[in-house]
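Please open the model in your viewer and work through the selections below in order.

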Amino acid sequence: MVVNVAIVGVGLVGSEFIRQVLSTQSKKIAVVAVANSRAFLTSSAPLTASWKEDLISGSAKPFTLDAFTASLAVSKAAHPTVVLDCTSNETVAAYYPTWLAAGFHVVTPNKKAFSGDLGLYKKIKELSSQPGSPLVYHESTVGAGLPVINTLNDLINTGDKIVKIEGIFSGTLSYIFNNFSTLDASAKPVKFSEVVSVARDLGYTEPDPRDDLNGMDVARKVIILGRVAGLDLTQETVQVENIVPELLRSLPTDEFMAKLPEFDEHFAKLNAEAVQNGQVLRYVGLVDPVHGKSSVTLARYPASHPFASLKGSDNIIAFTTERFPNPLIIQGAGAGAAVTAFGIYSDILKIAERTQH
């Protein structure tokens, strides 16, 4: 049976997902609705490669969540229907219970519902955990297409005990510290501000790099994994080390970039202390169910540790459990439209398999 997909948010990731579905000529997935913040289009037949033109045509209607949802009634009556949220919008995330209560499945890379208000998270869990209830998949909220949440669920569902989850969850901070802090004697020393500037020029950072350096994106991923592991984590209960120098936190972006070199000595000292001890600096998120202390910190790791040898902007996540005292490690590209869309595609195929009658 075909699963119909209605997409809210057709930017980079949403567009790439549609491209992947069309290019693979999937027999299991039909995209029947698309919406941006202004308009939406619903079709009784699968949308084609002309969907962008169709969305700005006269047949598109003004977008509201209620109108978009009402337009999907025919789709849901005919086939299992997935609402795919490719926004990063809190209002859309808060609408998930409405979709679930109406019988729609939900798939998303949007972290807001799973790392924000704990009450919303618990409501989503409640509505999606009963026999026969709609399904919710959000693999791409952590590590893009890497099988992080799926692996964690498998460990928990088979009765394994999570000792800790530790990872470099930010491709941006992975790139910055892999280049800044290395034990490779042949590597030319670089200044912290220069690495940040290059990362920004390459498009690895947010337009304001402080949105990466403040650790909040990593904290959201720590909260998501902690909640999947059964912990009631919130932004108040996760200790986050903001590595943006305090004097630079409230400046305009350009002024922040101009003044960051004044703190190169501070970061050089931290790195020198690590290197003298045969260690490197890595910005790491930790979920610690045993001690109840989940955190995001700039930590040191010896050369023998898998985190120390990471290259480029890869993510790496290590699960230490009762059955895996030597951690089970997942590593690879944790950002980018193609791999994020892959994670979404994979989630929707799982729903297609689970809803076959």
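The tour goes from the whole chain to two residues.

**Whole chain.** Select everything; this is a predicted model. Along the principal axes, the C-alpha atoms fill a box of roughly 65 × 45 × 35 Å. The radius of gyration is 22 Å, which agrees with the value near 21 Å for a compact globule of 357 residues. Colour by secondary structure next: the chain has 16 helices and 13 strands.

**Surface and charges.** Turn on the accessible surface, which comes to about 16,400 Å², with 53% of that area belonging to carbon and sulfur atoms. Of the 357 residues, 51% are buried. Then select the charges, 31 positive and 35 negative; their mean positions lie 4 Å apart.

**Contacts.** If you draw a contact map, take the contacts between residues at least 6 apart in sequence: 68% of these join residues at least 24 apart.

**R210.** Select helix α12, residues 210-213, where R210 is found. Is R210 buried or exposed? R210 counts as buried because its relative accessibility is 7%, and the cut-off for buried is under 20%. Leaving out residues up to four places away in sequence, show the residues that R210 touches: V244, L248, R249, S250, L251, P252, T253 and F256.

**Q279.** Move to strand β10, residues 279-287, which contains Q279. The relative accessible area of Q279 is 19%, so Q279 is buried under the 20% cut-off. With residues up to four places away in sequence again left out, Q279 touches L183, A274, R300, Y301 and P302.

Methods:
Residues are numbered from 1 along each chain as its sequence is written. This is a predicted model: local features need pLDDT of at least 70, side-chain atom pairs count only at pLDDT 80 or more; totals for chains, interfaces and linings use all residues. Side-chain values use heavy atoms; hydrogens and water are left out. Helices (H or I, at least four residues) and strands (E, at least two) are DSSP runs, numbered from the N terminus. Buried means under 20% relative accessible area, exposed over 50%, partly exposed in between (1.4 Å probe, protein chains only). Contact means heavy atoms within 4.5 Å. The radius of gyration is taken over C-alpha atoms; the globule rule is 2.2 Å times the number of residues to the power 0.38. Accessible areas come from the Shrake-Rupley method with a 1.4 Å probe; for residues, only the protein chains shown count as cover. Lys and Arg count as positive and Asp and Glu as negative; His and the chain ends are not counted. The place of a charge is taken as NZ of Lys, CZ of Arg, CG of Asp or CD of Glu.
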